[in-house]
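Reader: I am new to this structure. Can you take me through it step by step?

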Amino acid sequence: SIIFAEFTSIDESLVIQREKILELIKTPPLLSIDQTISVGCDMAAGGDENVITYFEGNVQRELRPFREADTVQTKNLLVEVMGSWGIPKDSEVKTNI
C-alpha cells in the first residue's frame, strides 16, 4: 500500500506498531528541507501497484503510483519520471521489489 505501509526496509517481518504511526500523525516531525534528495521505489510485477516517491529532506515532493504489467515498461517509466525530477541516471535509488 502506498499509504499507511506496514512494513519497513529493515526486515521483511518487522511491522510498525499502530501506536507509533498515530503518534507521528498527531505530532509530526519538524519539516527539514535541505539539500538531501531521496528517491524510493516500491515495484511489483504482473500489474500490481508500483509507486515512486521523491523527497527533499523529510518533505515529500512527489508520489506517483501506477500499474504496469510489463517490467521493462516499468523500468522505462521509472527512468522517465526520475529524469523529469532531474535525478541523474547513475544515482542510488532505494527500492523494494
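Reader: How many helices and strands does the chain have, and in what order do they run?
Author: This is a predicted model. The chain has 2 helices and 4 strands. From the N terminus on, the elements run α-β-β-β-α-β.

Reader: In what order do the strands lie in the sheet?
Author: The 4 strands form an open sheet, and the pairing is mixed. β3 (59–67) and β4 (94–96) are the edge strands, each pairing on one side only. From one strand to the next, the twist averages 15 degrees. The order is β3-β2-β1-β4.

Reader: Which helix packs on the sheet, and what angle does its direction make with that of β3?
Author: The helix is α2, which touches β1, β2 and β3. Its direction and that of β3 make an angle of about 155 degrees.

Reader: Do β1 and β2 run parallel or antiparallel, and how many bridges join them?
Author: In the hairpin of β1 and β2, 6 residues lie between the strands. Gly46 takes a positive phi near 75 degrees there. The two strands run antiparallel, and the bridges that join them number 6.

Reader: What are the bridge partners of Cys41 in β2 and in β4?
Author: β1 and β4 pair in the parallel sense over 3 bridges. In β4, the partner of Cys41 is Thr95. In β2, the partner of Cys41 is Ile52.

Reader: Which residues make up the largest nonpolar core, and which element gives the most to it?
Author: This core has 10 residues: Val39, Cys41, Ile52, Tyr54, Phe66, Leu78, Val81, Met82, Trp85 and Ile87. β1 (37–42), β2 (49–56) and α2 (71–84) are the elements that give two or more residues to it. With 3 residues, the element that gives the most is α2.

Reader: Which residues is Val81 in contact with, leaving aside its neighbours within four places in sequence?
Author: Val81 belongs to the largest nonpolar core, and so does Ile52. Ile52 is in contact with Val81. The other partner of Val81 is Arg64.

Reader: Why does Thr53 count as buried?
Author: Thr53 has its place in strand β2. Buried means under 20% relative accessible area. Thr53 counts as buried because its relative accessibility is 14%.

Reader: Which side chain does the side chain of Thr53 make a polar contact with?
Author: Not counting residues up to four places away in sequence, Thr53 touches Ser38, Val39, Gly40, Gln60, Glu62, Leu63 and Trp85. One of these is the polar partner, at 2.6 Å from side chain to side chain. That partner is Gln60.

Reader: What share of the residues in the chain is buried?
Author: The accessible surface of the chain comes to about 7,500 Å². Carbon and sulfur atoms hold 54% of that surface. Of the 97 residues in the chain, the buried share is 16%.

Reader: What share of the contacts with a separation of 6 or more comes from residues 24 or more positions apart?
Author: One pair to picture is Val81 and Ile52, which are in contact. Among contacts in the chain with a separation of 6 or more, the share from residues 24 or more positions apart is 36%.

Terms used
Residues numbered from 1 in each chain as written. Predicted model: local features only at pLDDT ≥ 70, side-chain atom pairs only at ≥ 80, totals over all residues. Heavy atoms only, no water. Core = buried A, V, L, I, M, F, W, Y, C linked by side-chain atoms within 4.5 Å. Buried < 20%, exposed > 50% of the residue type's maximum accessible area, 1.4 Å probe, protein only. Contact = heavy atoms within 4.5 Å. Areas by Shrake-Rupley, 256 points an atom, 1.4 Å probe, with all protein chains shown as cover. Polar contact = N/O pair within 3.5 Å; in protein donor to acceptor, adjacent residues only side chain to side chain. Pairing = 2+ DSSP bridges. Axes fitted to C-alpha atoms, helices over the stretch in contact; angles between N-to-C directions.
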